[in-house]
2 protein chains.
Amino acid sequence: MKAEIITIGDEILIGQIVDTNSAWIGEQFNRSGIEIYQITSVRDDHDHIIEAIKGAEKNVDLVIITGGLGPTKDDITRDALCECFNTKLTFHKPTLDTIIERFSHRGIDMNKLNRDQAMLPENCTVLYNKMGTAPGMWFEQNDTIFVSMPGVPFEMKYLLEFEVLPRLRETGKTKAIFHKTVLTQGIPESMLAERIESWEDALPEHIKLAYLPNPMAVRLRLSAMGENEAALKADVEKEIGSLQEIIPEAIFGYDTETMAEVIGRMLVERGQTLAVAESCTGGYISHLITSVSGSSAYYNGSVTSYSNEIKEKVLGVSPQKLEQFGAVSQEVAIEMVEGVKRVMSADYAIATTGIAGPDGGTEEKPVGTVWIAITGPTKTYAQKFTFVGKHRERNIVRSGQTALQLLRRIVLGEL
Amino acid sequence: MKAEIITIGDEILIGQIVDTNSAWIGEQFNRSGIEIYQITSVRDDHDHIIEAIKGAEKNVDLVIITGGLGPTKDDITRDALCECFNTKLTFHKPTLDTIIERFSHRGIDMNKLNRDQAMLPENCTVLYNKMGTAPGMWFEQNDTIFVSMPGVPFEMKYLLEFEVLPRLRETGKTKAIFHKTVLTQGIPESMLAERIESWEDALPEHIKLAYLPNPMAVRLRLSAMGENEAALKADVEKEIGSLQEIIPEAIFGYDTETMAEVIGRMLVERGQTLAVAESCTGGYISHLITSVSGSSAYYNGSVTSYSNEIKEKVLGVSPQKLEQFGAVSQEVAIEMVEGVKRVMSADYAIATTGIAGPDGGTEEKPVGTVWIAITGPTKTYAQKFTFVGKHRERNIVRSGQTALQLLRRIVLGEL
């Protein structure tokens, strides 16, 4: 199956909004075995819309049209659709009922523009839009399928997932898919690729692996394509089981979880608490932890000690150690972590001290040098990291994620 | 002048990357008085590229082509361009020199693919790409201009700004533009619109105002279009001068500055220091401040006091006040801010205490209730805010920005 996406809207052409809809649809179609031939963005213009649709019909067997629907401007698009498919507008009662219900629910008065949204091309299949007032429309002509959807992303996504893709699957020209993303931290992408190379090479034909790195994690997305979703899920889970044996220390979660959520769940289960002392990460770790709803149940608090004086006064780091080893040292990291654990009466604590950059590095301790210490009920652990690059924000993010990953492994007894 | 943008690359069609280039070009063109007729994304396919270019030529007088250039795949695009413009590839020495220089600079060996990048269509004007190895190409045919640029965003942006737009301006079919963005904080968008309504209505014809709100600030972008950039700049600055008299308390900066940078600059100038005590913002304010390079010169540190015990023990908040007024109260905010100023020996301090949500609200103190206190060398100030909505991250961001804005105004002696 070969598709073209047509997006309608002046706001896309003048760069007021970025057309993320097309990329999202492209990704869904790619995973369903539908090839995207072209993406075309056109203005809110009757003749131009018709030209684009007629042009697409020559090349593909599926045309997806988004945008150009809505109370203030859908006349143009609907009229263009009527002209393309040799039909006229007719009143569609279920759509009016939906519009009335939504308006009464929100306590807003309807106007003529809203009511006009229930006038739809006579020969289309109406796709119910649970998320808004403008329905989707499905046309078939000369062996080509045409689908028109509103451009509001969450409405379009709902329609595509629950109305369009199921109908496309019924044509027998698409495939079933299942995908799951493995979240890893602590092994750089190129080293990870080496470690899992033989596992990757042995993946069955119908399972594809994609690396999706970001500063927070290297994510491995497994996508299986075939006939039966339940079988695909089992296949993917089996491969992930094997992967867990190869890189047990690196996997911290799946799909959209964050490391802070995973840690929060572990601490709630154990009835234990956490505190943080931050130097180079400057509050970032505390922000990650407190971004999780319910974190006050296990998080006591933090100290950002940006000056040596605060390290001494609030965390009890000894002036001699600061003098002898410097603030960025194993000794100071350990005194910071034990100090904050004591001051905050916590079961676990994290401490960071390093040089985030872009300035402040020396030959011995270049920008990117970070000591991370973790302490728990039974032991204290410290490790030095040397992140490459002088990008301040990236060094902060990497230090924070690395510290949380070390904490996770200490709590699990892996370190 | 009317333009079509053609983006080339399989990665766009399968949704692996979002086509932000087109939106950016659309925005630049819109501001230069160039109308965008259509955006078309096509695969890395010889025939398809030619079809798209020939199709565009019928409708517009400027065709911008991005992507499809680079050492591994530019053969397809360059061959297609040669076919479109009835020419053949020829060796371009300045391009090879650039490639050689870049490689020797990075200490990497060149291969044949790299060398082949110096083979360019004979009848094009070569646009020097300071940012990479693939140059831009400018063709003219039948009164239409065609420009081909690499798809790497920072290379494309450089070429468009410094090579393409100046040449387009020489055609006399574009306009001069100047734009400046005013950053405001503290007045909601709808109220701001009311307060500046008569100013906005009195703006001269050639200056347009756009509201660009985000959780960090409401940004007002003034764009002036005309013949002479220096005159436009003077016109915009004059209008901003009038705006400053209407909303003096809300404007904190211009263009891409952040509030934390503005505050940092003020504290450096004054040789003063800052400390923070965070409850509901959980480390976010400290993270904003320490994201600024050089912040260790004026930032002493922070305490995130997520439990009452820490408020008492580390910040010296009195148990009686916590008991009597609750943690989210004026009294506790003031004791927190004065406590952290004392503990951290700072000239200024910020404290926040509130309910970020989504849970934890009461009838008296709903989610979004936040007390912010600021203290300085001469006075302590506290104010209650009630942010609408239960979105945790948004409440944290709003509280943080509001606190920094209050601090800025206290330092300036405005509060």
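This report covers the domains, selected helices and strands, the chain interface and unusual backbone angles of a predicted model.

## Domains of chain A

The domain assignment divides chain A into three parts. Domain 1 covers 2-170, domain 2 covers 177-254 and domain 3 covers 259-411. The C-alpha centres of domain 1 and domain 2 of chain A are 35 Å apart.

## Helix H7 of chain A

Helix H7 of chain A spans residues 153-170, which makes 18 residues. From first C-alpha to last, H7(A) reaches 24 Å. That is close to the 26 Å expected at 1.5 Å a residue. H7(A) carries a kink of about 40°, and the kink is centred on A:Leu160. A:Leu160 is also one of the buried residues of H7(A).

The other buried residues of H7(A) are A:Glu155, A:Met156, A:Tyr158, A:Leu159, A:Glu163, A:Val164 and A:Leu168. Two glutamates, A:Glu155 and A:Glu163, are in that list. An α-helix has 3.6 residues a turn, so residues three or four places apart point the same way. The buried residues of H7(A) pack against one helix, H2 (20-31) of chain A. They also pack against strands S3 (62-67), S6 (125-127), S7 (136-141) and S8 (144-149) of chain A. After H7(A) comes A:Gly172, with a positive phi near 80°.

## Helix H15 of chain A

Helix H15 of chain A runs over residues 330-343 and has 14 residues. Its end C-alpha atoms are 20 Å apart, which agrees with the 20 Å that 1.5 Å a residue should give.

Of these 14 residues, 10 are buried, so H15(A) is largely enclosed by the rest of the structure. The buried set begins with A:Val332, A:Ala333, A:Ile334, A:Glu335, A:Met336 and A:Val337. It continues with A:Gly339, A:Val340, A:Lys341 and A:Val343. A:Glu335 and A:Lys341 are thus among the buried residues. H15(A) is followed by A:Ser345, which has a positive phi near 50°.

## Strand S15 and its partners

Strand S15 of chain A covers residues 348-354. Seven of its seven residues are buried, so S15(A) is largely enclosed by the rest of the structure. Both faces take part. A:Tyr348, A:Ile350, A:Thr352 and A:Gly354 point one way, and all are buried. A:Ala349, A:Ala351 and A:Thr353 point the other way and are buried too.

S15(A) pairs with S13 (residues 274-278) of chain A through five bridges, and the two run parallel. A:Val276 has A:Ile350 as its bridge partner. S15(A) also pairs with S16 (residues 369-375) of chain A, here through six bridges and antiparallel. In S16(A), A:Thr375 stands opposite A:Ala349.

## Two chains, one relation

A turn of 180° and a shift of 0.3 Å along the axis lay chain B on chain A, with an RMSD of 0.4 Å. That is the relation of a two-fold axis.

At the interface, 45 residues of chain B are in contact with 45 residues of chain A. On the chain B side, several elements each supply at least two residues. The helices are H2 (20-31), H12 (284-290), H13 (308-313) and H16 (392-411) of chain B. The strands are S2 (35-42) and S14 (299-305) of chain B. S14(B) gives the largest share of that side, seven residues. 100% of the interface residues of chain B are also interface residues in chain A, so the copies meet through the same surface.

## Backbone exceptions

Most residues other than glycine have a negative phi, and most peptide bonds are trans. Several sites depart from this.

The peptide bond from A:Gly357 to A:Pro358 is cis, with omega near 5°. A:Pro358 sits in the loop between S15 and S16 of chain A. In chain B, the bond joining B:Gly357 and B:Pro358 is cis as well, with omega about 0°. B:Pro358 is in the loop between S15 (348-354) and S16 (369-375) of chain B.

A:Asp143 is not a glycine, yet its phi is positive, near 65°. A:Asp143 lies in the loop between S7 and S8 of chain A. A:Asp143 is exposed, with 7 other C-beta atoms within 10 Å. B:Asn86 has a positive phi of about 50° and is not a glycine either. Its loop joins H4 (74-84) and S4 (89-91) of chain B. B:Asn86 is exposed, with 10 other C-beta atoms within 10 Å.

Technical notes. Residues are numbered from 1 along each chain as its sequence is written. Chains are lettered from A and ligands numbered from 1 in the order in which they are written. This is a predicted model: local features need pLDDT of at least 70, side-chain atom pairs count only at pLDDT 80 or more; totals for chains, interfaces and linings use all residues. Domain bounds come from an automatic or database domain assignment. Helices (H or I, at least four residues) and strands (E, at least two) are DSSP runs, numbered from the N terminus. The expected span of a helix is 1.5 Å times one less than its number of residues. The bend at a residue is the angle between axes fitted to the seven residues ending there and the seven starting there. A residue is buried if 20 or more other C-beta atoms lie within 10 Å of its own, exposed if 12 or fewer, and partly exposed in between; C-beta atoms are placed from the backbone. Two residues are in contact if their C-beta atoms, placed from the backbone, lie within 7 Å. Copies are superposed by least squares on the C-alpha atoms of residues with pLDDT of at least 70 in both. Two strands pair if DSSP finds at least two bridges between them.
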